[in-house]
Structure formats: structure tokens, C-alpha cells
Amino acid sequence: EALRLIRRDAPHLVLLDIMMPGLDGYAVCREIRREDDSLPVLFISARSEEIDRVLGLELGADDYIQKPFGTREVLARIRAVMRRARPVVRPKGAEGAFEMADLRIVPAALRAERGEQVIELGPRDLRILQLLFARCGQVVRRDELLDQCWGRGFVASSRTVDQHVSRLRKLIEINPSEPAIIRTVHGVGYRYDRQRPDPSR
């Protein structure tokens, strides 16, 4: 029922308990992330073990609030998550449309274009691409990506970044296993090079 309402009503935010009839909150969050990578999701649960919080965040939740809680705290966390969900990071040189390899990114429309193909982007996808474009040729560390694209104070790990980049590559790369746009610098982070890598090398 929750998934049906989300698909029908397109909410701006989802507050999600874990213990629910039918699908539990983890399964609902997993389904949400399969369909929408940018919809803010907050878990609110009495389950207080670290593994519960970590699992919720690894599944793609933006925050985890433990019961019992105060209304002001919940509202403050909602405001913080909503601020992070907006495409507010606009590095110099990436405010308007820009090109990465054969991809044209249009920030105002939250989309990328490759010829006639149109690729819909989430706000976080856009922030990652803007940051890599603005730092062309330089390595952007995973912790920098977390600070700039998830927000300072966001409880997550480098795995969160890697998983999101993997999903983003599937959207924008012609061959995600040999990326031409988001290149991995092992043990450090990611880099965009203006020149495409030579596939024969």
C-alpha cells in the first residue's frame, strides 16, 4: 500500500518505519531506491542496534531517527534532508549546461543527453557530475563527495558513495564496466578526465 501511494502521489519525502505488515521498511526502502534514487527517505524506528541503523542507511535512507524522539528533532532532520535533496551545489563552471565526454548535462532540467537519448538524473546525480566536472583532471575523494553531495554530518560510508556511483554509471556510461566519464582512482575516489581514455590502453 505504501509503494502504491508513493507511485501515485509522488511525495517530497517518506518517513518509514521498519516493523510493518506485509513488506518491512527495509524492503520498502529497497523498492523505492530501485525506482527513485533522489526521493528523501527517513527511517523512524524503535530498533536501536547499530546494525539496524547501518542497514537502513546502506539501503539508501537519508537518515535514521530512533524512537522515542522529540517532534522538534524530527522536523529539524526533515529540513536538513530536504536541503540536501536540492541541487544546491553549483561549482564554478558547471552552473549551466556542460559536456562530459559525449554526454551533455542540463542542470536546470535534471537530465543528460546523448544524441537523441534523454537520461533523467536525480539531484544527487547532478551534484556528483557537477563536482567531478568542476574538478576535471583531479581526484575527488570519497569523503569530499559525501560532504558536497550528501551533506556534512550525513552518517554514511565510502560504500554509500561507491554504490551510488555504480548506479549512476549504469545510467550515463555507454559501457559501465569501462567508464569514460566517472573513472575510479582505487583507494582514493573518482576522477573525470576531459579526454576520453583510449580503449586500446
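Where is Cys-29 found? Cys-29 sits in helix α2, and that makes a handy starting point for a walk through this structure. Before setting off, keep in mind that this is a predicted model, in which local features need pLDDT of at least 70 and side-chain atom pairs count only at pLDDT 80 or more, while totals for chains, interfaces and linings use all residues. Residues are numbered from 1 along each chain as its sequence is written, and side-chain values use heavy atoms, with hydrogens and water left out.

Let's take the overall picture. The protein chain has seven helices and 10 strands; helices (H or I, at least four residues) and strands (E, at least two) are DSSP runs, numbered from the N terminus. Of its 201 residues, 44% count as buried. Here buried means under 20% relative accessible area, exposed means over 50%, and partly exposed is in between, using a 1.4 Å probe and protein chains only. Now look at contacts, meaning heavy atoms within 4.5 Å. Among those in the protein chain with a separation of 6 or more, 53% come from residues 24 or more positions apart.

Back to Cys-29. With a relative accessibility of 0%, Cys-29 counts as buried. Setting aside neighbours within four places in sequence, Cys-29 is in contact with Leu-16, Val-41, Phe-43, Leu-59, Gly-60 and Ala-61. Leu-3 is 26 residues away from Cys-29 in sequence, yet their C-alpha atoms are 9.3 Å apart in space.

What does helix α2 lie across? Helix α2, residues 25-35, lies across β1 and β2, and runs at about 180° to β2. For angles like this, axes are lines fitted to C-alpha atoms (for helices, over the stretch in contact), and the angles run from 0 to 180 degrees between N-to-C directions.

Those strands belong to an open sheet of three, in the order β1-β2-β3, with parallel pairing. The edge strands are β1 (14-16) and β3 (63-66), each of which pairs on one side only. From one strand to the next, the twist averages 25°. Two strands pair if DSSP finds at least two bridges between them; β2 (residues 41-45) and β3 run parallel and are joined by four. One residue to pick out is Phe-43, whose bridge partner in β3 is Tyr-64. Phe-43 is also one of the contacts of Cys-29.

Just past this sheet comes a small oddity. The peptide bond from Lys-67 to Pro-68 is cis, with omega near -5°. Pro-68 lies in the loop between β3 and α4 (71-85). As background, most residues other than glycine have a negative phi, and most peptide bonds are trans.

Phi has its own exceptions here. Ala-101, in the loop between β4 (98-100) and β5, is not a glycine but has a positive phi of about 55°. Ala-101 is partly exposed, with a relative accessible area of 25%.

Follow the chain into β5 and you reach some antiparallel strands. Strand β5 (residues 103-106) pairs with strand β6 (residues 111-114) in the antiparallel sense, over three bridges. Val-106 has Arg-111 as its bridge partner in β6. The hairpin of β5 and β6 has four residues between the strands, and there Leu-110 takes a positive phi near 50°, although Leu-110 is not a glycine. Leu-110 is partly exposed, with a relative accessible area of 25%.

Next, β6 is joined to strand β7 (residues 117-120) by four bridges, and the two run antiparallel. Arg-111 turns up again here, standing opposite Glu-120 in β7. The hairpin of β6 and β7 has two residues between the strands, with Gly-115 at a positive phi near 65°.

The last stop is Asp-125, in helix α5 (residues 123-134). Is Asp-125 buried or exposed? Asp-125 is buried, yet has no salt bridge, and the nearest side chain of opposite charge, Arg-167, is 6.9 Å away. A salt bridge needs a side-chain nitrogen of Lys or Arg within 4 Å of a carboxyl oxygen of Asp or Glu. As for charge, Lys and Arg count as positive and Asp and Glu as negative, while His and the chain ends are not counted.

What does the side chain of Asp-125 reach? Its target is the backbone nitrogen of Gly-122, at 2.9 Å. The side chain of Asp-125 also makes a polar contact with the side chain of His-164, at 2.7 Å. A polar contact is a pair of N or O atoms within 3.5 Å; within protein, one must be able to donate a hydrogen and the other to accept it, and residues adjacent in sequence count only if both atoms are side-chain atoms. Beyond neighbours within four places in sequence, Asp-125 is in contact with Asp-37, His-164, Leu-168 and Leu-171.
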